[in-house]
Amino acid sequence: MTTPSWDWAYAEDGRAPWDIGRPQPAFLRLAGSGLLTGRVLDAGCGTGEHALLAASFGADDAVGIDISPRAIELARAKAAVRGVKARFQVGDALNLPDLGLTCDTIIDSGLFHVFDDVGRARYVESLAAVLRPGGTCYLMCFSDRQPGSFGPRRVTQDELRAAFRGGWTVVSIVADAFDLNPGAYGATSAHAWRAAIYRAQAGD
Ligand code: SAH
């Protein structure tokens, strides 16, 4: 299976519906609560706002990976302009062990919901291979409460729980929202689920 490059989404800087030029408010709140700590991996980082956010809030190491070389170029440029120490690398979230690192915290803002059922299973395995036991994945995806058919596949709470069974504990799933670029999708926000998912460790 080859993974599409997604460069099309970044052909015009800042035009992708999700590429709002600032962190999603949901992740800003998580950062403010001190939860983006240790080595933080932003999976499907796009132009890097959440890895940059983690770095600015004192993560030991903030790494963003994305399948789109164009997105990674844009993310690196932001890091340079803002003087923030985050690292960006082209990579496939379905093959995270290729990165050769383990992390304490994972950020997924809008990646899980791009995968089909087979991709979801591979993605969750891939996450488990790089997130240390005792680490947490903070994931935000389009919710089934979002009407219309624009944008990505809607995800139900049950689907999230089913994807992360065995070796994971879904600590919370709460209703939240994605901010969107005005005009894109004809909406400025979309209903989302924000989940905190803990990777079990021996002795839990
Ligand atoms: N997290 C970013 C981008 C969300 S859009 C943000 O909040 O702005 C989904 C992103 O996932 C896109 O940047 C796309 O290029 C990336 N992506 C899609 N499939 C991927 C894969 N298999 N591996 C890594 N990144 C992927």
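A polar contact is a pair of N or O atoms within 3.5 Å; within protein, one must be able to donate a hydrogen and the other to accept it, and residues adjacent in sequence count only if both atoms are side-chain atoms. One such contact, of 2.7 Å, joins the side chains of Arg194 and Asp176. This is a predicted model, in which local features need pLDDT of at least 70, side-chain atom pairs count only at pLDDT 80 or more, and totals for chains, interfaces and linings use all residues. Residues are numbered from 1 along each chain as its sequence is written, and side-chain values use heavy atoms, with hydrogens and water left out.

**Arg194**
- Arg194 is part of strand β7, residues 189-199 (strands are DSSP runs of E with at least two residues, helices runs of H or I with at least four, numbered from the N terminus).
- Beyond residues up to four places away in sequence, Arg194 touches Asp176, Ala26 and Leu139, among others (contact means heavy atoms within 4.5 Å).

**Helix α4**
- The buried residues of α4 include Arg120, Tyr123 and Leu127 (buried means under 20% relative accessible area, exposed over 50%, partly exposed in between, with a 1.4 Å probe and protein chains only).
- Seen down the axis of α4, the buried residues fall within an arc of 160 degrees, so they line one face of the helix (the arc is that of the directions from the helix axis to the C-beta atoms).
- The face turned away from that buried side carries the exposed residues Asp117, Val118 and Glu125.
- The buried residues of α4 pack against β1 (39-43), β4 (103-109), β5 (131-142), α5 (157-163) and β6 (168-179).
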